[in-house]
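Subject: Structure handover

Hello,

Here is the structure for your files. My notes on it follow below.

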Amino acid sequence: MDEYIKEISNNISLNNVNSFLLSNYEMEVLDRYNIDYNNCSSLKDVLFLIDEILNNSTDEMTDLEEISISIGDRDYYQNDRK
């Protein structure tokens, strides 16, 4: 049970990367697909790189699609006027 709680908290906590936030899990998935988020200046830049991979592949990438939605939601709530 302790390992499960530790894993969940690692995935929830956000890390400051340049001027935006990513969870450990998001960073892990981005690394898996060789997406260099360290050279991005915003979440929109990260989303652009994710979209390029999703649009140019025929493979199923559910994990990448899920974090794309998560990052897109975070970008919307942090950067769009309400």
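H3 and H4 pack with their axes 10 Å apart, at an angle of about 155°. (Axes are lines fitted to C-alpha atoms, for helices over the stretch in contact, and angles run from 0 to 180 degrees between N-to-C directions.) The two helices are therefore roughly antiparallel to each other; angles over 145 degrees count as such, under 35 as roughly parallel, 65 to 115 as roughly perpendicular and the rest as oblique. Their crossing is left-handed, that is, the near helix is turned anticlockwise from the far one by less than a right angle, clockwise being right-handed. On the H3 side the residues that meet H4 are Leu43, Lys44, Val46, Leu47, Ile50, Asp51, Ile53 and Leu54. Their partners in H4 include Leu64, Ile67, Ser68 and Ile71. Contact means heavy atoms within 4.5 Å.

This is a predicted model, in which local features need pLDDT of at least 70 and side-chain atom pairs count only at pLDDT 80 or more, while totals for chains, interfaces and linings use all residues. Residues are numbered from 1 along each chain as its sequence is written, and side-chain values use heavy atoms, with hydrogens and water left out. pLDDT is the predictor's confidence in each residue, from 0 to 100. The protein averages 86, and 84% of the residues score at least 70. Confidence is highest in H3, at a mean of 96, and lowest in helix H1 (residues 2-12), at 60.

The protein has four helices and two strands, in the order α-β-β-α-α-α from the N terminus on. These elements are DSSP runs numbered from the N terminus: helices are H or I of at least four residues, strands are E of at least two.

H2 also packs on H4, at an angle of about 130° and with the axes 10 Å apart. That makes H2 oblique to H4. H2 passes H4 in a left-handed crossing. From H2, the residues involved are Tyr25, Glu26, Val29, Leu30 and Arg32; among those they meet in H4 are Leu64, Ile67, Ile71 and Arg74.

Of the 82 residues, 28% count as buried, meaning under 20% relative accessible area (exposed is over 50%, partly exposed in between; 1.4 Å probe, protein chains only). The largest nonpolar core has 17 residues, and Leu22, Leu30, Val46, Ile50, Leu64 and Ile71 touch the most other members. Strand E2 (20-23), helix H2 (24-32), helix H3 (43-55) and helix H4 (62-79) each give two or more residues to this core, and H3 gives the most, with four. Such a core is a set of buried Ala, Val, Leu, Ile, Met, Phe, Trp, Tyr and Cys residues joined through side-chain atoms within 4.5 Å.

Three residues are worth a look. Not counting residues up to four places away in sequence, Leu22 touches ten residues, including Leu14, Val17, Met27, Tyr37 and Ile71. Tyr37 is found in the loop between H2 and H3 and counts as buried, at 6% relative accessibility. With the same sequence neighbours left out, Tyr37 touches Val17, Asn18, Phe20, Leu22, Met27, Leu30, Asp31 and Val46. Tyr37 and Met27 are 10 residues apart in sequence and 8.1 Å apart in space, C-alpha to C-alpha. Ser68, in helix H4, is buried, with a relative accessible area of 14%. Leaving aside its neighbours within four places in sequence, Ser68 is in contact with Leu47, Ile50 and Asp51.

Regards
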